[in-house]
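With the model open in your viewer, follow the stops below in turn, selecting the named residues as you reach each one.

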Amino acid sequence: MNKPLASCVPVYLAVGLLACAALMAQQIPGATELPSHPFFIKKTWPIGGEGGWDYLSLDSAASQLFIAHGAKVQVVEIESGALAGEVAGLSQVHSIALDETGQFGYISDGPLDQVTVFDRRSFQRVVDIHTDINPRALAFEPQTKLLFVVRTDPPGENPGLPRIRPNTQAAAPRNPSPARRDVPIDPNAASSVTVIDTETQTAIGEILLPGKLGFAQADGNGQVYISITDRSQVLRLDAQAIALLLKKDPGSTAASQPHTGRPDTAHVSAAWTRLDWSGNGRSSRAPDGVMRSFSLLPACTDPRSLAIDWPHTRLFVGCNNMKLVVLNAGTGEVVTSLPTGPGTDAIGFDANHGLIYSANGGANGSLTIIRQDVADSYAVVQVLPTRQRARTMAVNPVSGEVYLVTDLLGVNLAQPGGIGTLKSGPASGSFQVLVIGN
C-alpha cells in the first residue's frame, strides 16, 4: 500500500516548505469568494513622465482621465489609452476637481500655495487662486458651486512661518490681500480649508479646523466630508450654511477670464471671512448643524480616503489599519468594517454595479473588491494582485472599469560601486495606467 505523501517528505524540507508558504501568503494577496467573472488587469497604458503622483479624477462624459503627476496634470483618453494633453508649468500637483459643467478643472499645487483653474477643452491654465499653505485635497460642491480646498501641513513645517516658493517662471507672483494678514495664522491649528467661489473664481473665506485633515469628498447633495487622520474622525460640513456664513452672493455669475499662456493672478475677495472652529484659543463654536464630527474608533485608525453612496446615505472610509469602514452618513454610526490590505489608500464606489474598491499600495499592491448587495450587506468578493505602489484610483461607473497608476522600480547597474551600494528607484519613463475590468 502506498504511503501518504507527507510521510515521504523529510522534516527539514517540510518545515522549509511551510515557511515558504507562510512567506508567500504574506506577499501575494489571496482571493476569496471569486465572482463568476473575476477582475483582472486588462490593459497597461504607458504614459511616461517623471515625479511622484497623487489623486486621479475621471470625466466619464468626456472619456478622459486626469492624473496628478509631478509638476503637471496628464490627461488620458480612456477609449484608446493615448495621452490627450497636459496642464503644465506647475510645481507639485496633488488633486484635480472637475465642475459639473465640463468647462473648468481645478488643481491643487502644494508648494505654490494655490489652486490653478484650467480649461478642460484646451488644457490651458486660466487663473491661479491663492490659498492657505500646502493645499492638497479638493472637493467641488455642485449645489453651492463652492470648492473646498484642504490644507495638510507636511511634517516639521510651522504654519506660522513664511515659506520659500520655487523659482518657477510659470508661477504668478503672490500679492497677499490685507484681509488675509489682519489675523495671523494660528500655529496650533493643524489644518484649514480655503473656500473658493467657482462662479467668480475667487477665494471668499477660510475655515480653521481641529486636527490634521486628510481627504475630502462632496456628496452632491450639499454635504462635504473631510477625514481627520490623527483623530480617526470624519467631519461633515453643510456647504449651504457655510456659503451663507461666508456671504457668498447667490446671484453671482462666472467671471470672464482671459485664456493666455500665463494665467492671471486671482485676488482674494474683499469680503474675506475667517471662521475659526479649531477649538484653540479664541476660536468660536460652529453653529448647530453646520459642522458635525463622527468617530471611527475602534474600527478605523488613520482614515485615508472617502467614497459616498448618497442614495443609501453611506460613507465608505479607507483606513490605514487595513480596514474599510461603512459609516451611516446621517447618524455617524459605524455600520460594519471589512478587511482590505497593506497600504490602503484610495477608495472608489461604483453605484451602477454595486461595488466598492480599495487600492492598497503596499509592498506588492492589491485591489480589494467589495460587493454591496443592499445598503448594509457587504462582502469581499475578490482581492486582485496589482502592482507595487498602485495606490490611487478612479472608477468608471459607465464601463465598470477601474484605473490605477504606478511605475516600475529598478536599479542603475552603471552606477559606480559594489552590489551593496545599489539603490532601487523609479525606472525612467515607466509611469503607467493599469486598466482593471472583468
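Begin by selecting aspartate 99 and arginine 120, both of which are buried. Keep in mind throughout that this is a predicted model. Between these two side chains there is a salt bridge, with the closest N and O atoms 3.0 Å apart. The bridge links distant parts of the chain, since aspartate 99 sits in the loop between strand 6 (93-98) and strand 7 (104-109), while arginine 120 sits in the loop between strand 8 and strand 9, 21 residues apart.

Keep arginine 120 selected and add aspartate 59, whose side chain meets that of arginine 120 in a salt bridge of 2.6 Å, N to O. This pair also links distant parts of the chain: aspartate 59 belongs to strand 2, and arginine 120 to the loop between strand 8 (114-119) and strand 9 (125-130), with the two positions 61 residues apart. Arginine 120 has a relative accessible area of 8%, and as buried means under 20%, it falls in that class. Aspartate 59, at 12% relative accessibility, likewise counts as buried. With all three residues displayed, you have Asp59, Asp99 and Arg120 linked in a network of salt bridges.

How many salt bridges does the count come to? The total is 15 salt bridges, and another of them is worth a stop. Select lysine 72 and glutamate 86, which form a salt bridge whose closest N and O atoms are 3.4 Å apart. Lysine 72 is in strand 4 (residues 72-77) and glutamate 86 in strand 5 (residues 83-87), so that positions 14 residues apart are linked. Here lysine 72 counts as partly exposed, at 22% relative accessibility, and glutamate 86 is also partly exposed, with a relative accessible area of 33%.

Turn next to the aromatic rings, of which a search of the whole structure finds seven pairs. Select tryptophan 53 and phenylalanine 431: their ring centres are 5.5 Å apart and their planes stand at 50°, so the pair is tilted. Tryptophan 53 lies in strand 2 (residues 53-59), whereas phenylalanine 431 lies in the loop between strand 31 (424-426) and strand 32 (432-437), and the pair therefore ties together parts that are 378 residues apart in sequence. Tryptophan 53 is buried, as is phenylalanine 431.

Stay on strand 2 and select tyrosine 55, together with phenylalanine 215 in strand 14 (residues 213-218). These two form an aromatic pair that is edge-to-face, with 5.1 Å from centre to centre and 70° between the planes. Because the partners lie in strand 2 and strand 14, the pair ties together parts that are 160 residues apart in sequence. Tyrosine 55 is buried, with a relative accessible area of 11%, and phenylalanine 215 also counts as buried, at 14% relative accessibility.

For a grouping of three rings, select Phe316, Phe349 and Tyr378, which form one aromatic cluster.

From the cluster, move to the sheet in which four strands are arranged in the order 24-25-26-27, an open sheet with antiparallel pairing. Its edges are strand 24 (344-350) and strand 27 (377-385), each of which pairs on one side only. From one strand to the next, the twist averages 20°. To follow one pairing along its length, display strand 26 (residues 366-374) beside strand 27, where the antiparallel contact runs over eight bridges. Within this pairing, find isoleucine 369, which stands opposite glutamine 382 in strand 27.

The last stop is another open sheet, formed by four strands in the order 1-32-29-28, again with antiparallel pairing. Which strands lie at its edges? They are strand 1 (40-46) and strand 28 (393-395), each pairing on one side only. Neighbouring strands of this sheet are turned by 20° against each other on average, with direction ignored. Select strand 28 together with strand 29 (residues 402-406) to see an antiparallel pairing over three bridges, and finish on alanine 394, whose bridge partner in strand 29 is tyrosine 403.

Conventions: Residues numbered from 1 in each chain as written. Predicted model: local features only at pLDDT ≥ 70, side-chain atom pairs only at ≥ 80, totals over all residues. Heavy atoms only, no water. Pairing = 2+ DSSP bridges. Axes fitted to C-alpha atoms, helices over the stretch in contact; angles between N-to-C directions. Phe/Tyr/Trp six-rings, centres within 6.5 Å; stacked < 30°, edge-to-face > 60°. Buried < 20%, exposed > 50% of the residue type's maximum accessible area, 1.4 Å probe, protein only. Salt bridge = Lys/Arg side-chain N within 4 Å of Asp/Glu carboxyl O.
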